[in-house]
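Here are my notes on the model, point by point. Please read them with the coordinates open.

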Amino acid sequence: MRLSRGTCALPKQKRNGLRHNVMSKIIRRMTVHDAAGVHAVELESFATPWTLDAFKAEMTQNPNAYYVVADQDGIVGFAGLWHIADEGHITNIAVKQSHRGQGLGEDLLTALIAVGRTLGLRAMTLEVRVSNTPARTLYEKLGFQYVGVRKRYYQDNNEDAAIYWLELEGEDL
């Protein structure tokens, strides 16, 4: 099933129309109009951030890109997924420093997993810095399995990346 640019697939128990509202936050599908806010979160979250133009291109030129945002009177977090064959590659997940520890990362990742199920993906994968214990703990909590390491993956300091996979095939889609 192909999602339109204005739709965010979320689990039924968390649906409120097309938006997921909990304590004044909304998890929704990203649009090109969100690119500047997403880029601001990206800049404060990553040592080698994507450019604003890269996010605009994801929204306008990549038909296999699916992004969700956490909106609390402005963009406070986002997560992205590329649909490649029957797999989903999670490109990035970030939450503003001032909003961390509130469960937004989990909500964003849960939304991406729901998108993956809606798309009929067999599995999802991601890489994360081996030193990023909070993120690794979240991924494992949501069922991702550690499968290996990519040596010297991160260009800013040559840190290794832990590789995680989540099998979706056979689950209740």
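1. With which residue does Arg-122 form a salt bridge, and how far apart are the closest N and O atoms? The partner is Asp-86, and the closest N and O atoms are 3.2 Å apart. Keep in mind that this is a predicted model.

2. Look at where these two residues sit. Arg-122 is in the loop between α3 (104-118) and β6 (123-129). Asp-86 is in the loop between β4 (75-84) and β5 (87-95). The two residues are 36 residues apart, so the pair links distant parts of the chain. Both ends are partly exposed: Arg-122 has a relative accessible area of 23%, and Asp-86 has 35%.

3. Arg-122 has another partner to check. Glu-87 forms a salt bridge with Arg-122, with 2.3 Å between the closest N and O atoms. Glu-87 belongs to strand β5, whereas Arg-122 is in the loop between α3 and β6. The pair therefore ties together parts that lie 35 residues apart in sequence. Glu-87 is partly exposed, at 24% relative accessible area. That value falls between the 20% limit for buried and the 50% limit for exposed, which is why the residue gets the middle label.

4. Treat these contacts as a group. Salt bridges that share partners join Asp-86, Glu-87, Arg-122 and Glu-167 into one network. The structure holds 10 salt bridges. One of them is the contact between the side chains of Asp-160 and Lys-151, at 3.5 Å from N to O. Lys-151 is exposed, with a relative accessible area of 62%.

5. Now the aromatic pairs. The structure holds eight of them. In the pair of Trp-50 and Phe-55, the ring centres are 5.2 Å apart and the planes meet at 35 degrees, so this pair is tilted. Are the two residues buried or exposed? Trp-50 is partly exposed, at 24% relative accessible area. Phe-55 is buried, at 0% relative accessibility.

6. What class of pair do Tyr-153 and Tyr-154 form? Their ring centres are 5.0 Å apart and their planes stand at 85 degrees, so the pair is edge-to-face. Tyr-153 is partly exposed, at 37% relative accessibility. Tyr-154 counts as buried, at 15%.

7. Tyr-154 has a charged neighbour as well. Arg-129 lies over the face of the Tyr-154 ring, 4.2 Å from the ring centre. Please view this contact together with the edge-to-face pair of Tyr-153 and Tyr-154.

8. Trp-50 and Phe-55 are also part of a wider group. Ring pairs link Trp-50, Phe-55, Tyr-67, Phe-78 and Trp-82 into a cluster. I would show this cluster in one panel, with the tilted pair of Trp-50 and Phe-55 labelled.

9. Last, the surface. Which residues form the nonpolar patch with about 230 Å² of accessible area together? They are Val-130, Tyr-146 and Val-149. Tyr-146 is in strand β7, which covers residues 145-150. Tyr-146 is partly exposed, with a relative accessible area of 44%. Patch residues need over 30% relative accessible area, so Tyr-146 passes that cut-off.

Technical notes
Residues are numbered from 1 along each chain as its sequence is written. This is a predicted model: local features need pLDDT of at least 70, side-chain atom pairs count only at pLDDT 80 or more; totals for chains, interfaces and linings use all residues. Side-chain values use heavy atoms; hydrogens and water are left out. Patches are made of residues with over 30% relative accessible area and no salt bridge: like charges are joined within 9 Å, nonpolar side chains (Val, Leu, Ile, Met, Phe, Trp, Tyr) within 5 Å. Accessible areas come from the Shrake-Rupley method with a 1.4 Å probe; for residues, only the protein chains shown count as cover. A salt bridge is a side-chain nitrogen of Lys or Arg within 4 Å of a carboxyl oxygen of Asp or Glu. Helices (H or I, at least four residues) and strands (E, at least two) are DSSP runs, numbered from the N terminus. Buried means under 20% relative accessible area, exposed over 50%, partly exposed in between (1.4 Å probe, protein chains only). Rings of Phe, Tyr and Trp (its six-membered ring) pair if their centres lie within 6.5 Å; planes under 30 degrees apart count as stacked, over 60 as edge-to-face and the rest as tilted. A charge sits over a ring if NZ of Lys or CZ of Arg is within 6 Å of the ring centre and within 35 degrees of the ring normal.
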